[in-house]
Amino acid sequence: MVEITRAWVKAKLIKHFLPLGLFMALLVALSWPHPGREVSSWKGGDYGIIQTINVCTIFFVSGMTVKTEDIHAAMKAYPSMLYGLTMILLVTPMLGFVTLEIPFSPKEFSYGFTLFVCVPTTLTSGVSMVGNAKGNTVLALFLTVGSNMLGVVTVPFVLRLVMSNADVTLDAVALLIKLLLTIFLPLCIGKKHKVSLGIVNNGSLVLIVWQTCSSSANQILDQSFINILPVLAGGVIIHAVFFCVNGAGTEVLSRMGAMPWRERMAVWLLTSQKTLPVSMTILTYLNEDAVGDHGLVAIPMIIGHVSQLFIDSYISSVWGSAEDKKAKEENVESHLPKIDSSSPNTSSELKVMEINPLHNEQESNEV
């Protein structure tokens, strides 16, 4: 039985800080929306002051995790790297053409899923899950940073392409400039430091969700459970589609000998996930006249993120347990006595050992 101590509770709170924080942000925003609505109304030109600070903080902290030597090491796994970046930035966003046509009510839910599938992979949770699975964390980190830096350039144009079917007009160049200032620049500045501030990172994301949902509390509360239920199912289904497609793709490369298992775990997880911080950042820069109420658009993105968080946490723990078991078996085998097959007495010794297990045990002890 697990002993519940202060250290145990603290460890659990830190481990599950993001889902707990998102839940609290929604709870506070919907029950007492005035503070969040007031904070989100503070503007500096086209930028929400506090939201922009939160966004810059997220990517500044993310940049702190980047090490140049890790990037050089990851470059050696170029087949995995190329597959991962292609799937994250170009292939998986094409699901947006499908999500856009799903008749969610209200239409903002369709826009939320469409925006969510067009963004790069997760910023922190994905690398952590790869580590839990005993996968290649260096490659995972490269895919995370690489896709999010390249995504600053690709996402505005991919999103405009996908949303054009819904007659939603987006200024891709203006969005690109805003993402360069609030994502790319803080990420590069943060690279100069090597400090781990995961709580600050996730806390800034929680504050963005709090402000966005507070501003739309009335619209969110007006939604019936019948409207929310398909969104809950949609978040799980979208992740399942990504996971199955990338499972098949990485299996092909694995059979070709181009993707070892530890690399495959990293690529499989990262190409199946999407980042909530970038989704929320882009949402704050979109005109509500074009995409509708921001709070309603945010709901499917939050659900999609939480779905992949819980599903992949379970999968990574299963993979990690399998790797631990494999390592233990290899360790046991490495300590077994070795028999010289070239010795003329080997066959007779083996027969004696098979017949008399006590003799086998004694001989092992002597060795």
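This is a short talk on one predicted model, going through a bent helix, a surface patch, the salt bridges and a few local details.

Before I start, a word on conventions: residues are numbered from 1 along each chain as its sequence is written, and side-chain values use heavy atoms, with hydrogens and water left out. Since this is a predicted model, local features need pLDDT of at least 70 and side-chain atom pairs count only at pLDDT 80 or more, while totals for chains, interfaces and linings use all residues.

Let me begin with helix α10, residues 137-163, where helices are DSSP runs of H or I with at least four residues, numbered from the N terminus. How far apart are the end C-alpha atoms of this helix of 27 residues? They are only 34 Å apart, which falls short of the 39 Å that a straight helix would reach, the expected span being 1.5 Å times one less than the number of residues. Along the helix there is a bend of about 55° at Val152, and a proline, Pro156, follows within four residues; the bend at a residue is the angle between axes fitted to the seven residues ending there and the seven starting there. At the start of α10, the backbone nitrogen of Val138 has a side-chain oxygen of Asn136 within 3.2 Å, which is a polar contact, meaning a pair of N or O atoms within 3.5 Å, where within protein one must be able to donate a hydrogen and the other to accept it, and where residues adjacent in sequence count only if both atoms are side-chain atoms. Also in α10 is Val145, which is buried at a relative accessible area of 11%, where buried means under 20%, exposed over 50%, and partly exposed in between, with a 1.4 Å probe and protein chains only. The C-alpha atom of Val145 is 8.9 Å from that of Thr121, although the two residues are 24 apart along the chain.

Just before α10, in the loop between α9 and α10, sits Lys134, whose phi is near 65°, a positive value in a residue other than glycine.

Helix α10 also takes part in a nonpolar surface patch of about 510 Å², made by Val153, Phe157, Val173, Ile177, Leu181 and Leu185. Such patches consist of residues with over 30% relative accessible area and no salt bridge, with nonpolar side chains (Val, Leu, Ile, Met, Phe, Trp, Tyr) joined within 5 Å and like charges within 9 Å, and the areas come from the Shrake-Rupley method with a 1.4 Å probe, only the protein chains shown counting as cover for residues. Both α10 and α11 (172-190) supply at least two residues, and the largest share, four residues, comes from α11. Leu185, for instance, lies in α11 and is partly exposed at 43% relative accessibility.

Turning to charged pairs, how many salt bridges does the structure hold? There are three, a salt bridge being a side-chain nitrogen of Lys or Arg within 4 Å of a carboxyl oxygen of Asp or Glu. One of them brings Lys134 back into the story, as its side chain meets that of Asp324 at 3.7 Å, N to O. This pair links distant parts of the chain, 190 residues apart, with Asp324 in helix α18 (residues 294-334). Lys134 is partly exposed at 34%, and Asp324 is partly exposed at 35%.

Another salt bridge joins Arg255 and Glu251 at 2.7 Å, N to O, and because these residues are four apart in helix α14 (residues 225-255), they are separated by about one helical turn. Glu251 also pairs with Arg264, with the closest N and O atoms 2.8 Å apart; Arg264 lies in helix α15 (residues 261-270), so this pair ties together parts that are 13 residues apart in sequence. Through shared partners, Glu251, Arg255 and Arg264 form one network. Is each member buried or exposed? Arg255 is exposed at 71%, Glu251 is partly exposed at 25%, and Arg264 is buried at 8%.

Next comes helix α16 (residues 276-285), where ten of the ten residues are buried, so the helix is largely enclosed by the rest of the structure. Among them is Thr281, with a relative accessible area of 0%, and its side chain reaches the backbone oxygen of Pro277 at 2.7 Å.

I will finish with a backbone detail: the peptide bond from Ser105 to Pro106 is cis, with omega near 5°, and Pro106 has its place in the loop between α7 (96-99) and α8 (108-118).
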